[in-house]
Every structure is written in structure tokens, then in C-alpha cells.
Amino acid sequence: MFQELGPKARQAAARAFRPLRVRRGSVLYREGDEVEGLYLVREGFIWLGDARVEPATLGVVGPGGLFGEEALVGERARTLGATALTYAELLFAPKEELAALLEAFPEAQGFFLKALYARLKAAEARLWEARHLSVAQRLARLLLALGPGEVGLSHQDLARMVGATRETVTKLLGEWALKGVVDLGYRRLQVLDPKALARLGEAL
């Protein structure tokens with residue numbers, strides 16, 4: 001994940017970030033918790049939001065993404081909660097080692113800045129979709145973005161990712177399954193007709 005860095009900075013980053021595997025549903029931290037470090041996602045999806053409000057998705061971070069950015073700016077408490085939507089493989093850097101990495105290799109700041117910018121652009125895209133697209137359009141676009149093959153997410157997970165209720169998502173998926181667009185199973189679905197799904201996701 002650190003290919004953009006020079007050899008020495010890459011080696012230092014690899015030492016600072018430790019592999020971390022988490023189960024589906026694992027709470028990495030809650031709003032108000034002490035900031036302990038920074039996370040990078042290698043595999044899986046992490047939901048950022050307020051678990052006390054439903055739905056309250058403020059971000060979903062996938063492979064290559066960064067979260068826990070409070071550690072980059074010296075914040076003491078988490079401003080959002082983070083929960084694993086799926087099994088996830090992460091990289092975690094304690095804040096002390098992160099600070100040492102940034103001090104020794106200023107180029108690493110640019111690497112993290114790009115990751116934060118990508119998060120910002122994704123948030124802007126979600127905001128635009130929430131204002132201009134229906135739940136059906138947002139859901140169709142999400143399923144296409146998750147790529148070919150089987151999607152191992154529950155209806156509740158998908159609802160959080162598109163900012164809708166589980167009942168609405170279940171109803172839409174049921175309708176699409178009857179039309180042969182998707183195939184449904186327990187906590188999984190598979191897109192059978194990507195072209196039909198693309199049409200469902202088109203903005204008017």
C-alpha cells in the first residue's frame with residue numbers, strides 16, 4: 001500500500017503499521033474514545049458513523065482507504081465510531097509511531113493527504129447522490145461498484161452504505177430478484193444482469 005513512497009520511507013511505514021484482522025461486526029472504536037492511532041484498509045469494508053442513530057452513515061471505507069484520521073492532526077478523541085461491516089484486514093499505526101514516521105519522512109504526509117482527499121471526494125459523491133438520486137439508484141450504483149462476483153453484505157449493511165432503511169433495501173432487492181437482476185442468499189447476493197442494474201442506477 002506504500003508503493004508511492006521512496007524505499008526508506010516505505011520500509012519505515014511497513015514497520016510503523018501492524019497487520020490487524022477483525023471480524024464482521026467488530027467495533028474498532030466509538031465516538032468519544034481516545035485516539036490511539038491510524039488505520040488503513042487492505043480488505044473489507046469499515047462503516048463510519050453514529051451507531052446510536054439509524055441510519056447514520058457518514059462514510060464507508062474500502063480497500064486502499066484510510067480512517068481514524070484524528071491521529072494525523074493531534075485530536076485526543078474520536079469524532080466518529082468505526083465498525084467492521086465485513087471481515088477486514090487492516091494496517092494500524094499507533095499514534096507515537098505515526099508521528100515518528102511523519103517527522104522522519106515528510107513525503108509520507110503527502111501519501112496520507114491523498115488518502116484523505118479520496119475520502120473527501122467519496123463523501124462529496126455520497127452527498128450528491130443522497131440529494132439527487134433515489135434509494136434504488138444509489139443501491140444499484142453501489143452493487144455495481146462492489147464489483148463482479150458475490151457480495152457478502154447483509155441488507156442492513158447495504159442500507160447503511162446507501163443511507164436508507166433495511167426494509168426499503170430488502171423490498172428493492174426482492175423486486176430485482178424476481179426480475180432476474182440479482183440472486184439473493186443469506187448475507188450474500190450476486191449480480192446476474194449488470195446491464196439491467198446499470199440502467200436502474202442511471203440518473204434521470
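The legends below describe close-up views of one region of a predicted model.

**View 1. The annotated span, residues 133-195.** An unreviewed UniProt entry gives residues 133-195 the annotation "domain: HTH crp-type". Helix makes up 54% of this span and strand 16%. The C-alpha atoms at its two ends are 18 Å apart.

**View 2. The open sheet of three strands.** The strands follow the order β9-β11-β10, and their pairing is antiparallel. The edge strands, each paired on one side only, are β9 (150-151) and β10 (182-185). Strands of a sheet pair through backbone hydrogen bonds, either parallel or antiparallel.

**View 3. The pairing of β10 with β11.** Four bridges join β10 to strand β11 (residues 188-191) in the antiparallel sense. Gly 185 has Arg 188 of β11 opposite to it.

**View 4. Helix α7 on the sheet.** Helix α7, formed by residues 166-178, lies across β10 and β11. The helix runs at about 120° to β10.

**View 5. The two sides of helix α8.** Which residues of helix α8 (residues 194-201) are buried? They are Ala 196, Leu 197 and Gly 201. These residues lie on the same side of α8 because they cover an arc of only 140° around the axis. An α-helix has 3.6 residues a turn, so residues three or four places apart point the same way. Lys 195 and Arg 199 are exposed on the other side of α8.

**View 6. The packing of helix α8.** What do the buried residues of α8 pack against? Their partners are α5 (135-145), α7 and β11.

Key
Residues numbered from 1 in each chain as written. Predicted model: local features only at pLDDT ≥ 70, side-chain atom pairs only at ≥ 80, totals over all residues. Heavy atoms only, no water. UniProt positions renumbered as here; feature names shortened; annotations may be inferred. Pairing = 2+ DSSP bridges. Contact = heavy atoms within 4.5 Å. Axes fitted to C-alpha atoms, helices over the stretch in contact; angles between N-to-C directions. Buried < 20%, exposed > 50% of the residue type's maximum accessible area, 1.4 Å probe, protein only. Arc of directions from axis to C-beta.
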